Amino acid sequence: MYTISVSSLNEQIKTLLETSFTRILVEGELSRITFHNSGHIYFTLKDASSSIKAVMFRGNASKLRFQLKEGMKVVLDGAISLYKPRGEYQINCFSIEPSGQGALALAYEQLKEKLSLKGYFEASIKKQLPTFPARIALITSATGAALQDMLRVANTRYRALEIDVYDVLVQGTSAAWQISNSISMADKKDYDIIVIGRGGGSIEDLWAFNEEIVADAIFKAITPIISAVGHEIDWVISDFVADIRAATPSVAMQVCLPDTNELYQYLDSIAGQFDSVVSQKLFNRAKDLDHLRQLFSQNSIEKQLKQKTLEVLQFKEQFFQTISFKIQNFSREKESITSRFPHIIDSILNNKQNQLNNFNKMLESNNPKLKTKSGFAQISKNKKVIDISELDVNDSFELQSDDIYVTAKVIEKESL
């Protein structure tokens with residue numbers, strides 16, 4: 001027996017394992033998943049009693065259709081390899097499929113759940129289609145039957161329309177990128193509607209419309225978008241994100257375009273209604289005009305002027321009647337005054353003459369010079385004429401007659 005190095009032993013084991021297990025299918029649960037910056041995926045595959053390490057290198061990992069999750073049960077397609085520096089063997093995975101269902105079906109459900117949580121499917125954000133679109137963009141294959149179906153329906157249904165076709169791949173590895181890029185380009189060109197679609201096919205054929213990049217482009221678009229992919233039974237992610245889902249490309253055109261024949265009937269109906277409304281309005285306006293004529297006739301300037309003229313004449317007549325009445329009354333009062341005036345003047349003059357005579361008599365009676373009666377003299381005190389009864393004992397006073405002035409004093413006062 002000879003001695004070998006650890007490296008030699010690992011090399012022999014590596015050769016033995018890798019030549020013995022060149023292709024294996026292993027089922028188990030995923031555990032300890034690590035997504036490395038390099039793009040490689042490291043994880044452990046286990047069952048109830050055992051576990052084995054596994055790696056999926058970047059090239060194979062980029063082809064995964066679904067997201068690996070802890071505890072997910074999968075089937076690995078790969079080969080056994082040995083990492084010689086540590087002497088650890090592992091499964092080198094070429095592909096991974098969900099156990100019990102296809103990878104695409106799982107990826108579909110995972111993306112649908114993810115986008116639903118992000119609000120991509122909310123009914124409140126769906127945009128309304130215009131009633132009469134003028135420009136629409138069709139994002140589909142220029143060589144596909146779906147385009148011809150859509151153009152046929154458009155030509156039959158509504159010709160007053162500008163249609164631009166964005167030729168894209170509708171299946172294959174680059175289809176999703178072309179579709180999303182065309183959506184972004186068309187959204188910047190003021191189209192009324194964007195239709196994305198293709199004819200029917202398998203889930204693999206329709207997969208481009210299940211890609212997240214397409215869902216993001218639809219969600220971010222300002223223009224209303226119709227998703228028309230496959231047949232009635234086919235549902236893809238773009239159907240949930242778009243503003244309208246059409247069962248087929250032909251149905252999409254029926255949904256977004258008005259029917260010309262129906263428009264003609266509608267226009268006939270509108271024309272009839274218009275004639276009826278206009279006739280009724282003209283009839284009503286004629287009645288209003290007659291009523292206004294009557295009002296104008298009743299309230300016209302000429303009629304108002306005539307009315308005011310009559311009022312002025314009536315006022316003038318009343319004025320003259322009033323003046324005449326005043327003049328008549330004045331004439332009667334004048335005659336009465338004229339007839340009574342001499343008597344009134346005579347009476348007033350007589351009264352005044354009598355008053356004058358009385359004043360003269362009083363003046364004569366109070367003039368000291370005219371008082372020649374013997375034994376009488378005027379009594380005054382402090383140069384003020386007083387009555388004798390106003391004098392008291394010891395008062396000094398003056399006595400005055402026509403020609404004599406005497407100063408005296410009361411010696412004694414006695415009432416008689």
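Which residues touch the most other members of the largest nonpolar core? They are Phe-43, Phe-66, Leu-76, Ile-96 and Ile-183, in a core of 59 residues. The model is a predicted one. The protein has 416 residues, arranged with 10 helices and 14 strands. Its radius of gyration is 67 Å, well over the 22 Å that the globule rule gives for 416 residues, so the protein is more spread out than a compact globule.

**Overall dimensions and surface**

- Along the principal axes, the C-alpha atoms of the protein fill a box of roughly 210 × 80 × 35 Å.
- Buried residues make up 30% of the 416 in the protein.
- The exposed area of the protein is about 28100 Å², and 55% of that area is supplied by carbon and sulfur atoms.
- Among contacts in the protein with a separation of 6 or more, 60% are between residues 24 or more positions apart.

**Charge**

- The side chains of the protein include 48 positive and 50 negative ones.
- The centres of the positive and negative sets lie 5 Å apart.

**Nonpolar cores**

- Helix H3, which spans residues 103-117, gives the largest share of the 59-residue core, namely seven residues.
- Another core, of 18 residues, lies apart from the largest one. Among its members are Met-150, Ala-246, Cys-256 and Leu-263.
- Phe-66, one of the residues touching the most other members of the largest core, has contacts beyond its neighbours within four places in sequence. These contacts are with Met-72, Ile-96, Glu-97, Pro-98, Ala-103, Leu-106, Ala-107 and Gln-110.
- Ile-96 is thus a contact of Phe-66, and Ile-96 is also listed with Phe-66 among the residues that touch the most other core members.

**Backbone: positive phi values**

- Most residues other than glycine have a negative phi.
- Arg-32 is not a glycine, yet its phi is positive, at about 55 degrees. Arg-32 is found in strand E1, residues 24-35.
- The relative accessible area of Arg-32 is 66%, so this residue is exposed, the cut-off being over 50%.
- Asp-190, another residue other than glycine, also has a positive phi, near 55 degrees. Asp-190 sits in the loop between helix H5 (175-187) and strand E8 (193-198).
- Asp-190 counts as exposed because its relative accessibility is 65%.

Definitions and conventions: Residues are numbered from 1 along each chain as its sequence is written. This is a predicted model: local features need pLDDT of at least 70, side-chain atom pairs count only at pLDDT 80 or more; totals for chains, interfaces and linings use all residues. Side-chain values use heavy atoms; hydrogens and water are left out. Helices (H or I, at least four residues) and strands (E, at least two) are DSSP runs, numbered from the N terminus. The radius of gyration is taken over C-alpha atoms; the globule rule is 2.2 Å times the number of residues to the power 0.38. Buried means under 20% relative accessible area, exposed over 50%, partly exposed in between (1.4 Å probe, protein chains only). Contact means heavy atoms within 4.5 Å. Accessible areas come from the Shrake-Rupley method with a 1.4 Å probe; for residues, only the protein chains shown count as cover. Lys and Arg count as positive and Asp and Glu as negative; His and the chain ends are not counted. The place of a charge is taken as NZ of Lys, CZ of Arg, CG of Asp or CD of Glu. A nonpolar core is a set of buried Ala, Val, Leu, Ile, Met, Phe, Trp, Tyr and Cys residues joined through side-chain atoms within 4.5 Å.
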